[in-house]
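Got your viewer ready? Let's walk through this one stop by stop, picking selections as we go.

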Amino acid sequence: MPAIEVLNLEKVFSIPQRDPGLAGAFKGLFQPRYTKKVAVDKISFSLEAGEVVGYIGVNGAGKSTTIKMLTGILSPSSGHVRVLGRDPHKERVANARDIGVVFGQRTQLWWDLALRESLWLVAKIYEIPKVKFVALLEEFAHVLELEELLSKPIRTMSLGQKMRSELAATLIHSPRVVYLDEPTIGLDVLVKERIRGFLKTQNKQNGTTVLLTTHDLGDIEELCSRVLIIDSGKLIYDGALETIKQRFGTHRTMKFELAGAGLASPLHLPDGAEITSQEGSSLELRFDRVRCSASQIASSVMSQLEVLDFSIGEPDLTSIIKQIYAGGLS
Amino acid sequence: MRYLELYGLFFVQRLKVFLEYRLSFLIGASSTFFMQAGGLFAIWAVMRVTPNLLGWSFDQVLLLYGMVALARSFELMFANNLWVVGQHYIRSGDFDRFLVRPINPLFHLIADRFNHDGIGNFLIGLVVVIRSSLSLNIDWNLEKVLCMVLAALGGGLVFIALNLITCVSAFWIVDSAPVTLAVHEWHEFAKYPLSMYSSQIKTALTFVVPYGLVSYYPALFVLGRDSSFLAFASPFMGMGLMLIGYALWNVGLRRYGSTGS
């Protein structure tokens with residue numbers, strides 16, 4: 001049985017239409033007109049237990065709506081959802097026991113309570129035995145570096161501290177399925193690393209299934225072997241991260257550090273390579289690795305200029321995703 | 001049982017926070033005091049002009065006032081979040097938090113915040129009731145004591161139930177506070193004897209927005225003026241209204257599930 005099973009899932013919202021101005025507002029009050037917005041458009045996918053899958057798409061693409069249907073907050077307009085074999089909306093309470101959710105920057109902890117008290121309340125809500133709670137708290141406090149924070153009220157915490165606390169609260173009942181909506185947004189690199197490490201361990205130790213929405217492709221690259229891409233409510237890609245990289249990541253960048261400043265004469269480059277920027281003694285090229293190789297370019301540049309150092313950049317996922325949105329996937 | 005334990009835990013945590021914020025606690029308590037003092041002053045002013053209000057003396061009207069304050073204090077303490085479910089929870093999306101937890105969302109909403117301002121109301125209500133009943137030389141017996149206790153508890157239920165019924169509108173219009181206020185303000189009538197009002201309003205205050213059951217009818221009984229069953233009706237009416245409120249709440253929840261706002 002898959003952990004998450006989604007078949008032809010659809011969510012349509014009725015949105016009241018308002019004409020501009022005060023007259024329009026009055027008209028809307030007495031003769032409301034609605035337009036239908038298809039937020040999630042007949043998508044299908046399934047996640048096996050223990051998978052960590054990235055769910056990506058621009059704002060408004062339908063990611064949050066999908067997650068709200070998977071958590072049981074929203075009911076589907078049509079289609080079929082099963083999480084651990086249950087209908088999450090109809091069996092909301094039973095489903096809630098087995099899932100954990102992080103909603104971006106919203107906190108599920110009590111603003112004024114110290115972290116330890118908040119976590120204890122959460123544990124009581126999920127009926128976790130005290131012994132287990134104490135053991136988990138110790139583990140989480142260690143991995144997420146919460147020791148110093150346990151006696152601190154949430155309202156006094158920094159963004160990164162809040163998110164680490166949030167993750168502890170989400171995983172304290174050892175959920176089998178976890179939905180994370182932007183868990184690393186706005187955080188610094190060190191905190192991001194810690195959070196990713198924590199999620200990896202949880203996944204490995206407990207076989208936790210994770211569906212992760214993010215704008216941070218670092219999250220995806222580090223955690224997910226598979227991605228789902230949604231655009232205007234439609235699922236436009238479901239597959240390995242590697243496949244996308246290979247299909248769209250044909251463009252690489254190459255950086256040169258030159259001796260002396262600037263180019264004296266125009267540079268001759270192999271077909272498929274072009275200069276993207278040039279500032280002082282640094283030169284950046286972009287090339288299509290199908291049409292020419294990195295070594296061809298390197299030797300070509302070195303034959304014309306004196307090179308101190310050079311490096312090859314990995315394909316940048318942001319630009320790949322942009323290409324896919326622009327309709328490059330068919 | 002489990003919910004009772006959970007409520008206790010929520011409550012204790014909340015209490016710790018109050019103790020931490022002594023200043024806010026004091027401000028809350030004193031604002032309650034000033035509001036209640038204002039209310040009492042208004043009654044004093046009215047009764048100075050008409051010392052005998054259709055056969056009701058100042059102390060008797062004070063008894064009504066105290067009973068309303070007492071009953072209302074339960075709503076203030078235990079169910080204050082019903083006022084702000086739209087503004088604080090639905091609008092911000094925090095309501096979703098209740099729906100991903102394995103407990104009843106209405107319980108979670110109510111337990112989420114014990115409101116300490118209610119304590120002041122409770123104490124003032126208690127003092128006013130005791131003071132007025134002392135100077136009224138009420139001939140207390142078991143029935144009368146029971147009537148007062150039931151009026152306070154059942155009255156609290158009436159207050160909470162009416163707020164529950166009206167707060168459900170938050171699922172449609174988000175900010176339900178004005179709707180709740182429109183109904184809630186009727187409790188002001190119950191601070192005076194219902195015999196003052198036209199029969200329609202009296203009927204409304206007995207059966208529709210039954211704040212009259214909180215003060216007027218139990219007071220009639222305790223003062224030995226009347227022994228209508230209405231003196232004991234508030235717990236039943238309160239429970240009935242709670243059931244209606246809970247049914248409506250579930251309709252609202254279904255709507256939330258389809259619109260998400």
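Start by selecting A:L180: leaving aside neighbours within four places in sequence, A:L180 is in contact (heavy atoms within 4.5 Å) with A:V102, A:L167, A:L199, A:V210, A:L211, A:L212 and A:T213. Keep in mind that this is a predicted model, where local features need pLDDT of at least 70 and side-chain atom pairs count only at pLDDT 80 or more, while totals for chains, interfaces and linings use all residues. Residues are numbered from 1 along each chain as its sequence is written, chains are lettered from A in the order in which they are written, and side-chain values use heavy atoms, with hydrogens and water left out.

Next, add A:L115, A:L119, A:F133, A:L167, A:I244 and B:W56: together with A:L180, these have the most contacts inside the largest nonpolar core, which has 108 residues. Such a core is a set of buried Ala, Val, Leu, Ile, Met, Phe, Trp, Tyr and Cys residues joined through side-chain atoms within 4.5 Å, with buried being under 20% relative accessible area (1.4 Å probe, protein chains only). Another core, of 51 residues, lies apart from it; try A:L84, A:V101, A:Y179 and A:I230, which are among its members.

Now for the interface: 29 residues of chain A are in contact with 30 of chain B. About 2,600 Å² is buried between the chains, 55% of it from carbon and sulfur atoms; that is accessible area (1.4 Å probe) lost on putting the two parts together, summed over both. Color A:I73, A:R92 and A:I125, which supply 22% of the area that chain A buries against chain B, more than any other three residues.

Last stop: B:R2 and A:E127, whose side chains meet in a salt bridge (3.4 Å, N to O). The rule, a side-chain nitrogen of Lys or Arg within 4 Å of a carboxyl oxygen of Asp or Glu, finds 4 across this interface.

Methods: Buried means under 20% relative accessible area, exposed over 50%, partly exposed in between (1.4 Å probe, protein chains only).
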